[in-house]
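I am opening a new notebook page. I want to see what the atoms show, one entry at a time.

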Amino acid sequence: MTNALPPLARAQAFCDAFDLRVPILMAPMAGACPASLAAAVADAGGLGGCGALTMKPDAICAWARDVRAQTNGSFQINLWIPDPAPVRDLAHEARVRAFLGEWGPPVPPQAGDATPIDFAGAMRGDA
(Lines give C-alpha, C1' and ligand atoms only; values in the text may rest on other atoms or scores of the structure.)
Protein backbone atom coordinates (compact mmCIF):
# COMPACT_ATOMS: atom_id res chain seq x y z
CA MET A 1 0.00 0.00 0.00
CA THR A 2 1.31 3.46 -0.87
CA ASN A 3 1.76 6.19 1.69
CA ALA A 4 -0.66 8.71 0.11
CA LEU A 5 -0.94 12.26 1.35
CA PRO A 6 -4.14 13.23 3.18
CA PRO A 7 -6.75 14.87 0.92
CA LEU A 8 -6.06 18.44 2.06
CA ALA A 9 -2.33 17.99 1.53
CA ARG A 10 -2.97 16.58 -1.99
CA ALA A 11 -5.21 19.56 -2.77
CA GLN A 12 -2.54 21.97 -1.57
CA ALA A 13 0.15 20.17 -3.58
CA PHE A 14 -2.06 20.47 -6.68
CA CYS A 15 -2.60 24.18 -6.03
CA ASP A 16 1.12 24.71 -5.53
CA ALA A 17 1.98 22.84 -8.74
CA PHE A 18 -0.34 25.01 -10.85
CA ASP A 19 -0.09 28.31 -8.95
CA LEU A 20 -3.72 28.23 -7.78
CA ARG A 21 -5.20 29.85 -4.68
CA VAL A 22 -8.10 27.40 -4.44
CA PRO A 23 -8.50 23.80 -5.65
CA ILE A 24 -11.31 24.61 -8.08
CA LEU A 25 -11.16 23.31 -11.64
CA MET A 26 -13.53 24.38 -14.39
CA ALA A 27 -14.88 21.30 -16.15
CA PRO A 28 -13.46 21.33 -19.70
CA MET A 29 -16.66 20.36 -21.53
CA ALA A 30 -16.60 20.60 -25.32
CA GLY A 31 -18.78 23.43 -26.56
CA ALA A 32 -19.50 24.79 -23.07
CA CYS A 33 -16.31 26.57 -22.06
CA PRO A 34 -16.53 30.26 -22.89
CA ALA A 35 -13.27 32.12 -22.46
CA SER A 36 -15.02 34.62 -20.17
CA LEU A 37 -15.98 31.84 -17.74
CA ALA A 38 -12.47 30.36 -17.78
CA ALA A 39 -11.05 33.82 -17.06
CA ALA A 40 -13.49 34.33 -14.17
CA VAL A 41 -12.50 30.96 -12.65
CA ALA A 42 -8.82 31.82 -13.05
CA ASP A 43 -9.35 35.27 -11.51
CA ALA A 44 -11.04 33.60 -8.55
CA GLY A 45 -7.88 31.53 -8.00
CA GLY A 46 -8.97 28.31 -9.70
CA LEU A 47 -8.07 26.62 -12.98
CA GLY A 48 -10.10 27.70 -16.02
CA GLY A 49 -10.73 25.11 -18.70
CA CYS A 50 -11.48 24.48 -22.33
CA GLY A 51 -12.77 21.23 -23.79
CA ALA A 52 -11.26 21.51 -27.26
CA LEU A 53 -12.68 18.28 -28.69
CA THR A 54 -14.49 19.95 -31.56
CA MET A 55 -12.17 22.93 -32.01
CA LYS A 56 -9.64 23.36 -34.80
CA PRO A 57 -6.17 24.70 -33.95
CA ASP A 58 -6.99 28.29 -34.94
CA ALA A 59 -10.07 28.25 -32.68
CA ILE A 60 -8.01 26.86 -29.78
CA CYS A 61 -5.45 29.64 -30.26
CA ALA A 62 -8.19 32.27 -30.41
CA TRP A 63 -9.75 30.91 -27.22
CA ALA A 64 -6.41 31.02 -25.40
CA ARG A 65 -5.74 34.59 -26.63
CA ASP A 66 -9.19 35.62 -25.41
CA VAL A 67 -8.55 34.13 -21.96
CA ARG A 68 -5.09 35.71 -21.78
CA ALA A 69 -6.60 39.10 -22.66
CA GLN A 70 -8.86 38.80 -19.60
CA THR A 71 -6.62 37.20 -16.95
CA ASN A 72 -3.13 36.18 -16.00
CA GLY A 73 -4.54 33.18 -14.15
CA SER A 74 -4.07 29.52 -14.97
CA PHE A 75 -6.13 27.53 -17.45
CA GLN A 76 -6.13 24.11 -19.06
CA ILE A 77 -6.93 22.95 -22.57
CA ASN A 78 -8.12 19.37 -22.86
CA LEU A 79 -7.63 17.55 -26.14
CA TRP A 80 -8.73 14.06 -26.99
CA ILE A 81 -6.91 11.83 -29.40
CA PRO A 82 -9.75 9.67 -30.63
CA ASP A 83 -9.78 5.92 -30.77
CA PRO A 84 -11.01 4.27 -33.95
CA ALA A 85 -14.72 4.78 -34.50
CA PRO A 86 -16.81 2.37 -32.42
CA VAL A 87 -18.93 -0.29 -34.03
CA ARG A 88 -22.50 1.00 -33.82
CA ASP A 89 -25.33 -1.22 -32.59
CA LEU A 90 -28.44 0.67 -33.65
CA ALA A 91 -30.82 -1.72 -31.89
CA HIS A 92 -28.97 -1.27 -28.59
CA GLU A 93 -28.87 2.51 -29.09
CA ALA A 94 -32.67 2.48 -29.61
CA ARG A 95 -33.13 0.59 -26.32
CA VAL A 96 -30.89 3.07 -24.48
CA ARG A 97 -32.76 6.04 -26.00
CA ALA A 98 -36.07 4.52 -24.92
CA PHE A 99 -34.76 3.97 -21.38
CA LEU A 100 -33.39 7.50 -21.12
CA GLY A 101 -36.66 8.87 -22.53
CA GLU A 102 -38.47 7.41 -19.51
CA TRP A 103 -36.41 9.68 -17.23
CA GLY A 104 -36.28 12.89 -19.24
CA PRO A 105 -36.94 14.35 -22.65
CA PRO A 106 -36.85 12.01 -25.65
CA VAL A 107 -33.40 11.37 -27.08
CA PRO A 108 -33.44 11.83 -30.86
CA PRO A 109 -32.09 9.00 -33.03
CA GLN A 110 -29.33 11.25 -34.41
CA ALA A 111 -27.93 11.92 -30.91
CA GLY A 112 -25.36 9.16 -31.38
CA ASP A 113 -24.18 10.55 -34.71
CA ALA A 114 -21.93 13.28 -33.31
CA THR A 115 -18.38 12.91 -34.53
CA PRO A 116 -15.28 14.80 -33.48
CA ILE A 117 -13.24 16.68 -36.03
CA ASP A 118 -10.62 14.83 -38.07
CA PHE A 119 -7.82 14.87 -35.49
CA ALA A 120 -4.97 14.08 -37.89
CA GLY A 121 -6.22 16.64 -40.40
CA ALA A 122 -6.71 19.26 -37.70
CA MET A 123 -3.16 18.79 -36.47
CA ARG A 124 -1.92 19.24 -40.07
CA GLY A 125 -4.14 22.29 -40.36
CA ASP A 126 -6.20 20.96 -43.26
CA ALA A 127 -9.34 19.76 -41.48
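My entries on strands, core, salt bridges and surface follow.

**Entry 1: the kind of model.** I note first that this is a predicted model.

**Entry 2: the strands.** I looked up how strand S1 and S2 run. S1 covers residues 48-51 and runs parallel to S2. I found four bridges joining the two strands. I picked one residue, Gly48, and asked which residue is its bridge partner in S2. The partner is Phe75. Next I traced the chain from S1 to S2. The path goes through helix H3, residues 57-70. This β-α-β crossover is right-handed.

**Entry 3: the core.** How many residues make up the largest nonpolar core? I get 12 residues in all. Among them are Met26, Cys33, Cys50, Met55 and Trp63. Ala35, Ala38 and Val41 belong to this core too, as do Ile60, Ala64 and Val67. I then checked which elements give two or more residues to the core. They are helix H2 (35-43) and H3. H3 gives the largest share, four residues. So H3 now appears twice in my notes: in the crossover and in the core.

**Entry 4: the salt bridges.** I looked for charged pairs. Side chains of opposite charge can pair when their charged atoms come close. The structure holds two salt bridges. Arg88 forms one with Glu93, and their closest N and O atoms are 2.5 Å apart. Arg88 also forms one with Asp113, where the closest N and O atoms are 3.2 Å apart. Where do Arg88 and Asp113 lie? Arg88 is in the loop between strand S2 (75-78) and H4. Asp113 is in the loop between H4 and helix H5 (119-124). The pair therefore ties together parts that are 25 residues apart in sequence. I record Arg88, Glu93 and Asp113 as linked in a network of salt bridges.

I also checked accessibility here. Arg88 has a relative accessible area of 36%, so I class Arg88 as partly exposed. Asp113 is partly exposed as well, at 44%.

**Entry 5: a surface patch.** Which residues make the nonpolar surface patch? They are Val96, Phe99, Leu100 and Trp103. The patch covers about 450 Å². I followed Leu100 further. Leu100 sits in helix H4, residues 90-101. Its relative accessibility is 41%, so Leu100 counts as partly exposed. Patch residues need over 30% relative accessible area, and Leu100 at 41% fits that cut-off.

Conventions: Residues numbered from 1 in each chain as written. Predicted model: local features only at pLDDT ≥ 70, side-chain atom pairs only at ≥ 80, totals over all residues. Heavy atoms only, no water. Patch = residues over 30% accessible without salt bridge, like charges linked within 9 Å, V, L, I, M, F, W, Y side chains within 5 Å. Areas by Shrake-Rupley, 256 points an atom, 1.4 Å probe, with all protein chains shown as cover. Salt bridge = Lys/Arg side-chain N within 4 Å of Asp/Glu carboxyl O. Buried < 20%, exposed > 50% of the residue type's maximum accessible area, 1.4 Å probe, protein only. Pairing = 2+ DSSP bridges. Right-handed = clockwise from strand over helix to strand, strands pointing away. Core = buried A, V, L, I, M, F, W, Y, C linked by side-chain atoms within 4.5 Å.
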